[in-house]
Amino acid sequence: MTGDLFQLSGLSLTYPNGTCALDGVDLSVAEGEFVSLLGPSGCGKSTILRLVAGLMEPTGGRLNWLLPVARGDIGFVFQEPTLMPWARIIDNVRLPLDLAGVPKGEGNDRAADGLVRVGLGDFQKAFPAEMSGGMKMRASLARALVTNPRLLLLDEPFAALDEITRLKLNDDLLSLWYAQRFTALFVTHSVFESVYLSGRIAIIGPRPGRVVAEVPVPLTFPRDLSVRTGTDYGAICRDVSDRLHAAMGLAA
Amino acid sequence: MNGVWARRLLPPLVGVLFLLGWETAVSAWDIPPFVLPPPTAVAHALWNDAPLLLQSSWITLIITVQAFLLALTSGVALAVLFKQSRTLEAALYPYAVILQVTPIVAIAPLVVIWVGYERVNLALLVLAWIVAFFPVLSNSTAGLAAVDPNLRDLFRLYGASRWQMLWRLQLPSALPYILAGAKISGGLALIGAVVAEFVAGSGTATGLAWRVIEAGNRLNMPRLFAALVLLSILGILIFALLSWVQRLLLRRWHPGGTG
């Protein structure tokens with residue numbers, strides 16, 4: 001195991017109106033790790049991602065980077081595909097490179113390559129409105145990976161997709177992660193999804209949010225569909241589900 | 001008759017029936033031409049006075065187009081400035097509203113005096129611009145604020161500069177709003193040009209509105225109606241052109257729809 005990429009210690013966020021969204025979040029994430037933040041809606045999981053991304057400032061606690069992180073080292077996948085409707089897919093995927101001043105020719109090559117890797121090689125010239133929800137999400141994934149980020153933040157990226165598409169995208173995300181070995185921090189409210197994807201799950205309790213349990217997932221990578229039907233998978237899911245319910249103060 | 005054909009055929013059919021009814025009514029009741037000229041007389045006037053009327057149309061069209069382009073550029077530019085500085089917006093926006101709500105007819109004599117009677121076309125341009133300017137400003141302001149918050153976060157994450165935010169995110173996001181404002185503004189520019197000429201035109205202005213006044217004073221109703229017909233045609237052309245541009249530019253946003 002390599003060293004930690006970043007550590008959150010006592011990370012808190014209180015809004016100016018007094019609402020406390022996060023209260024003392026402690027979490028360390030190692031480089032190359034796939035960690036899920038699992039919790040009920042409104043527990044502040046997404047807020048943790050936004051703080052890590054630097055889109056918000058915490059009102060308490062610290063976020064320590066143990067490895068240098070520059071512009072383009074963090075990729076973000078939102079719950080919505082968040083593509084520019086006026087731009088072709090290739091231009092959408094190239095955006096992070098454009099903003100960093102990468103020459104257009106080189107940017108196009110890298111964006112095209114990224115599209116091939118998410119299975120959208122034939123859709124460079126398409127507009128977002130011409131594509132399905134799953135395809136748009138793939139494009140969004142390609143855009144987040146086009147800078148070869150050290151860290152990929154995913155905020156319930158597949159929650160709005162149908163079951164079949166979601167399972168397929170889970171597998172594709174895992175293959176990309178296995179091949180490129182970026183660090184992934186994945187927010188979800190699905191126990192099954194978090195167990196299938198992650199090496200470790202951090203369960204977030206309801207408002208004010210904090211990490212109430214950390215569960216390692218003892219399944220080996222690479223994983224494929226056979227994992228989902230295995231007995232281990234079911235047992236781990238039950239365990240995680242119990243802990244999640246305990247965190248929410250409900251009977252299991 | 002199915003829906004599409006009904007929509008294509010009914011309007012011209014109604015128009016033809018209306019003109020026929022008009023023509024017969026005028027001759028049946030012997031209505032004098034200075035009250036209501038028959039359509040044939042209007043067509044005659046259109047044909048006979050064509051050089052004069054077309055020249056006037058050209059003058060009105062030039063003022064309208066200039067006022068529209070000025071309104072479009074200044075409206076978008078001011079909205080962009082407002083977006084950069086809230087202080088500036090807070091300070092100036094109320095005055096833009098005041099300019100908008102004050103009836104143009106009431107301001108017109110002042111503008112004519114300030115600009116000078118000898119430069120009446122400039123006065124017309126200023127007045128038409130005042131009328132056409134506000135929809136572009138208010139729509140552009142709304143459009144620049146209507147950026148997808150996630151996309152804005154994405155741009156921030158990648159360290160986009162103010163300039164990149166403006167050109168790559170805010171202006172494209174605002175485009176549907178700006179185009180909707182432009183469509184309103186195009187029609188208002190024509191109205192502004194006509195109203196301005198009514199108030200300010202004193203013989204030096206020779207646009208279509210002046211032809212209407214002049215023909216009215218001389219009880220030359222066929223020519224008055226001919227000028228009105230040309231004004232309508234100008235208005236329809238402007239609207240059609242702007243609708244076409246809107247469809248062209250927004251096609252990629254919503255394939256199969258016009259937005």
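Select B:L154 and leave aside its neighbours within four places in sequence: B:L154 is then in contact with A:F76 and A:T82. The model on screen is a predicted one. B:L154 is placed in helix α7 of chain B. Is B:L154 buried or exposed? Counting around it gives 27 other C-beta atoms within 10 Å, and the cut-off for a buried residue is 20 or more, so B:L154 is buried.

Now add B:I184 to the selection. B:L154 and B:I184 are 30 residues apart in sequence, and their C-alpha atoms lie 33 Å apart in space.

**The contact between the chains**

Widen the selection to the contact between chain A and chain B. Chain B brings 18 residues to this contact, and chain A also brings 18 residues. On the side of chain B that touches chain A, α7 (149-157) and α8 (162-200) each supply at least two residues. Which helix of chain B gives the most to that side? The answer is α7(B), with seven residues. Colour this side of chain B by residue class: ten residues are nonpolar, four are polar and four are charged.

**Chain B as a whole**

Hide chain A and show chain B as a cartoon. Chain B has ten helices and zero strands. Followed from the N terminus, the elements read α-α-α-α-α-α-α-α-α-α. Along the principal axes, the C-alpha atoms of chain B fill a box of roughly 75 × 55 × 30 Å.

Colour chain B by burial next. It has 259 residues, of which 35% count as buried. For a contact map of chain B, take the contacts with a separation of 6 or more: 76% of these join residues 24 or more positions apart.

**The two domains of chain A**

Bring chain A back and hide chain B. To colour by domain, select 4-69 + 151-247 of chain A for domain 1, and 84-149 for domain 2, following the domain assignment. The centres of domain 1 and domain 2 of chain A, taken over C-alpha atoms, are separated by 25 Å.

Then pick out the residues where these domains touch. Twelve residues of domain 1 of chain A are in contact with nine residues of domain 2 of chain A. On the domain 1 side, the elements giving two or more residues are β6 (151-155) and α5 (163-180) of chain A. How many residues does α5(A) give to that side? It gives five, the most of any element there. By class, the domain 1 side has ten nonpolar residues, one polar and one charged.

**A sheet in chain A**

Stay with chain A and select strands β1, β2 and β4. They form an open sheet of three strands in the order β2-β1-β4, with antiparallel pairing. Which strands of this sheet are at the edges? They are β2 (20-30) and β4 (60-65) of chain A, each of which pairs on one side only. Look along the sheet: on average, its neighbouring strands are turned by 10° against each other, direction ignored.

Strands in a sheet pair through hydrogen bonds of the backbone, parallel or antiparallel. To see one pairing in detail, show the backbone of β1 (residues 4-14) and β4 of chain A. These strands run antiparallel and are joined by five bridges. End the tour at A:Q7, which stands opposite A:N64 in β4(A).

Terms used. Residues numbered from 1 in each chain as written. Chains lettered and ligands numbered in written order. Predicted model: local features only at pLDDT ≥ 70, side-chain atom pairs only at ≥ 80, totals over all residues. Pairing = 2+ DSSP bridges. Helix = DSSP H or I, 4+ residues; strand = E, 2+ residues; numbered from the N terminus. Axes fitted to C-alpha atoms, helices over the stretch in contact; angles between N-to-C directions. Buried ≥ 20, exposed ≤ 12 C-beta atoms within 10 Å, placed from the backbone. Contact = placed C-beta atoms within 7 Å. Nonpolar A, V, L, I, M, F, W, Y, C, P; charged D, E, K, R; others polar. Domains from an automatic or database assignment.
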